Amino acid sequence: QHVMIHYRIRKLILLSGDLLLLYGALFFALFVRAGHVPNEKTWTHNFEAFSWLFLVWLLVFYIAGLYDVSVHKNDVGFYNRIIHFVSQTAQLPSQIT
């Protein structure tokens, strides 16, 4: 029971960190593009548009087992799996259109 709660908390932390990084990267990209902090209208428009894409990324990461904290090791195989699934997910928009 205690171990399961511990794993769920770790998964939630990983998911939260990924969401923070994704939206942080979006904010940074908008900042660099405009040369200033994005206004509320720009942020809201892009937040809504990219949320769907971020959801797909998180779903792919979940399916790939990247949130399975019981088997993660910081070894070459783990990083190869991340690179593989990031490259596959990055190709999704071109495959959809």
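**Entry 1: the end of helix 2**

I started just past helix 2, where Gly65 has a positive phi of about 85 degrees. I then looked for the matching spot after helix 1 and found Gly35, whose phi is also positive, near 85 degrees. I note here that the model is predicted.

**Entry 2: confidence**

Before going on I looked up how far to trust the coordinates. The chain has a mean pLDDT of 84, and 91% of its residues reach 70 or more. Where is confidence lowest in the chain, and where is it highest? It is lowest in helix 4 (residues 92-96), with a mean of 61, and highest in helix 1, with a mean of 91. Where pLDDT is low, predicted coordinates should not be read in detail. I left the details of helix 4 alone, having noted its mean of 61.

**Entry 3: helix 2 from end to end**

I went back to helix 2, which covers residues 40-63. At its start, a side-chain oxygen of Asn39 comes to within 3.2 Å of the backbone nitrogen of Lys41. I checked the length next. With 24 residues at 1.5 Å a residue, helix 2 should span 34 Å, and its end C-alpha atoms are 33 Å apart, so the two values agree. I also found a bend of about 30 degrees in helix 2, at Ser51.

**Entry 4: what helix 2 buries**

Which residues of helix 2 are buried? I listed Asn46, Phe54, Trp57, Leu58 and Phe61. These buried residues pack against helix 1 (2-34) and helix 3 (76-90).

Asn46 caught my attention, and I looked up its value. Its relative accessibility is 15%, and buried means under 20%, so Asn46 counts as buried. Leaving out residues up to four places away in sequence, Asn46 touches Leu26 and Leu30.

**Entry 5: helix 1 and Leu26**

I followed those contacts into helix 1. Helix 1 has 33 residues and reaches 48 Å from first C-alpha to last, close to the 48 Å expected at 1.5 Å a residue. Its buried residues are Leu22, Tyr23, Leu26 and Leu30, and they pack against helix 2.

Leu26 has a relative accessible area of 6%, so it is buried. What does Leu26 touch, not counting residues up to four places away in sequence? I found Trp43, Asn46, Phe47, Phe50 and Phe54. I also took the spacing of one of these contacts: Leu26 and Asn46 are 20 residues apart along the chain, and their C-alpha atoms are separated by 8.1 Å.

**Entry 6: aromatic pairs**

I turned to the rings. How many aromatic pairs are there? The count comes to six. One of them is Phe50 with Phe54, a tilted pair at 5.9 Å centre to centre with 40 degrees between the planes. Both residues lie in helix 2, four residues apart, about one turn of the helix. An α-helix has 3.6 residues a turn, so residues three or four places apart point the same way.

Are Phe50 and Phe54 buried or exposed? Phe50 is at 32% relative accessibility, so it counts as partly exposed. Phe54 is at 7%, so it counts as buried.

Trp57 and Phe61 form another pair, edge-to-face, 5.6 Å centre to centre and 90 degrees between the planes. They too lie in helix 2, four residues apart, about one turn of the helix. Trp57 is buried, with a relative accessible area of 18%. Phe61 is at 11% relative accessibility and counts as buried.

I then traced how the ring pairs connect. They link Tyr23, Phe27, Trp43, Phe47, Phe50 and Phe54 into a cluster. Tyr23 is one of the buried residues of helix 1, while Phe50 and Phe54 come from helix 2. Of the residues in this cluster, I had already noted Trp43, Phe47, Phe50 and Phe54 as contacts of Leu26.

**Entry 7: a look at helix 3**

Last, I looked up one residue of helix 3, Phe78. Its relative accessible area is 15%, so Phe78 is buried. Phe78 and Leu66 are twelve residues apart in sequence, and their C-alpha atoms are 8.5 Å apart in space. I closed the entry with the link back to helix 2, whose buried residues pack against helix 3 as well as helix 1.

Terms used
Residues are numbered from 1 along each chain as its sequence is written. This is a predicted model: local features need pLDDT of at least 70, side-chain atom pairs count only at pLDDT 80 or more; totals for chains, interfaces and linings use all residues. Side-chain values use heavy atoms; hydrogens and water are left out. Rings of Phe, Tyr and Trp (its six-membered ring) pair if their centres lie within 6.5 Å; planes under 30 degrees apart count as stacked, over 60 as edge-to-face and the rest as tilted. Helices (H or I, at least four residues) and strands (E, at least two) are DSSP runs, numbered from the N terminus. Buried means under 20% relative accessible area, exposed over 50%, partly exposed in between (1.4 Å probe, protein chains only). The expected span of a helix is 1.5 Å times one less than its number of residues. The bend at a residue is the angle between axes fitted to the seven residues ending there and the seven starting there. Contact means heavy atoms within 4.5 Å. A polar contact is a pair of N or O atoms within 3.5 Å; within protein, one must be able to donate a hydrogen and the other to accept it, and residues adjacent in sequence count only if both atoms are side-chain atoms. pLDDT is the predictor's confidence in each residue, from 0 to 100.
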